[in-house]
Amino acid sequence: MANSRFGYVREFEDYDRLLPSTFSVVRIDGQSFHRFSDTHQFAKPNDKRALECMNSAAQFVMEEMEDVTLAFGESDEFSFLLRPDTPLYDRRKAKILTKVVSAFTSAFVYNWSRYLNIPLAYPPVFDGRVVTYPLPKHVRDYFAWRQVDTHINNLYNTSFWAIVQQGGKTEREAHKILQGTVSAQKHDILYKDYGINYNTLDEMYKKGSVLVRDPPPLPEVPKDGAYKEKKRIEKLRKDGIDGTRGSVQILHVDIIKDDFWNQRPWLLA
Ligand code: ATP
Ligand code: ATP
Ligand code: MG
Ligand code: MG
Ligand code: MG
Ligand code: MG
């Protein structure tokens with residue numbers, strides 16, 4: 001940038017950096033997607049094409065930013081985990097956040113017509129935030145929090161739309177029927193009144209979408225000592241098995257229990 005007497009204004013810029021060696025999660029969410037989904041005639045409770053378009057945009061983000069090791073999406077939101085030592089943009093928060101939101105939004109629009117056969121009525125908008133999580137436990141709990149949210153919302157929405165679409169009730173009546181019901185009662189309403197077995201619904205609706213890069217299979221974990229295990233993961237990292245390479249997989253699996261994380265130790269290393 002050329003020097004001029006105006007250049008001093010740059011001193012006003014504030015470099016808000018991610019804490020060193022700390023996990024970060026960027027979460028983006030569609031603006032007024034309740035309206036956006038109505039306008040574009042999304043199927044209720046879950047429009048598969050729209051979810052797949054969201055997934056394709058998240059896949060683009062991961063291809064564009066290799067330090068994103070995991071993404072989780074549901075409804076109009078997506079969360080992206082950055083590895084703790086990412087040097088991306090000198091760890092400047094605003095740069096990282098705006099790149100994720102912008103890459104996601106433009107890929108969502110770019111891919112729209114591949115998934116939905118209704119023209120975009122207006123440009124969709126997403127907002128975003130970035131949060132740092134010091135401990136692996138926080139990362140686990142963060143993603144568990146989002147997946148529990150997926151489950152709760154999906155059970156509610158599936159019941160709600162069954163009452164409206166199959167039961168012929170108004171939306172107001174459906175809200176009223178579901179008010180104060182616990183999970184087991186919703187399962188009952190679905191099964192007894194509408195013949196829907198919740199457990200057989202599409203895994204994408206129940207569990208959301210999980211994007212990871214699956215590197216080559218890891219050798220068996222040695223039985224002795226945490227120190228050795230740490231060294232082993234460090235070596236794998238150095239060798240490139242750290243979740244930043246390989247093609248992106250889209251899964252619909254449980255990320256609350258241990259299995260998912262045990263199979264991918266690099267995510268929390
Ligand atoms: P970075 O990712 O670091 O921003 P960059 O390639 O985008 O890298 P910039 O300093 O932002 O670099 O400069 C943008 C460049 O894009 C310009 O130098 C110019 O070459 C090109 N460019 C942008 N807009 C136009 C335009 N309207 N006409 C011609 N060239 C353009
Ligand atoms: P805000 O701007 O505050 O985020 P919002 O209207 O986007 O408002 P959210 O809480 O983000 O509210 O909820 C998104 C809404 O978008 C859902 O409640 C649902 O109605 C709709 N929606 C998003 N994706 C889908 C989909 N794939 N199928 C059906 N409906 C969807
Ligand atoms: Mg919002
Ligand atoms: Mg929203
Ligand atoms: Mg949302
Ligand atoms: Mg530029």
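**Group meeting: a sheet, two helices and a ligand shell**

Hi everyone, let me start in the middle of the sheet: β2 and β5 run antiparallel and are joined by 4 bridges. One pair to look at there is G73, which stands opposite S209 in β5. Before going on, this is a predicted model, where local features need pLDDT of at least 70, side-chain atom pairs count only at pLDDT 80 or more, and totals for chains, interfaces and linings use all residues. Residues are numbered from 1 along each chain as its sequence is written, and chains are lettered from A and ligands numbered from 1 in the order in which they are written.

A word on terms: helices (H or I, at least four residues) and strands (E, at least two) are DSSP runs, numbered from the N terminus. Two strands pair if DSSP finds at least two bridges between them.

Staying with β5, why is this strand largely enclosed by the rest of the structure? Because 5 of its 5 residues are buried, meaning 20 or more other C-beta atoms, placed from the backbone, lie within 10 Å of a residue's own. S209, L211 and R213 point one way, while V210 and V212 point the other. That fits the general picture: in a regular strand the side chains alternate between the two faces of the sheet. On to the next neighbour: β5 and β6 are also antiparallel, with 4 bridges, and L211 sits opposite I250 in β6.

Now zoom out. The open sheet has 6 strands, ordered β4-β1-β3-β2-β5-β6, with antiparallel pairing. At the edges are β4 (126-133) and β6 (248-251), each pairing on one side only. From one strand to the next, the twist averages 20 degrees; axes are lines fitted to C-alpha atoms, for helices over the stretch in contact, and angles run from 0 to 180 degrees between N-to-C directions. Helix α2 (residues 48-64) packs on this sheet, touching β2, β3, β5 and β6, with its direction about 165 degrees from that of β2. Contact here puts the C-beta atoms of two residues, placed from the backbone, within 7 Å.

Last stop, ligand 2. Which residues come nearest? Of the 15 around it, F33, H34, S37, D47 and A50 do, where near puts a residue's C-beta atom, placed from the backbone, within 6 Å. β1, α1 (33-39) and α2 each give two or more residues to this shell, and α1 gives the most, with 3. Thanks, everyone!

How values were computed
A residue is buried if 20 or more other C-beta atoms lie within 10 Å of its own, exposed if 12 or fewer, and partly exposed in between; C-beta atoms are placed from the backbone.
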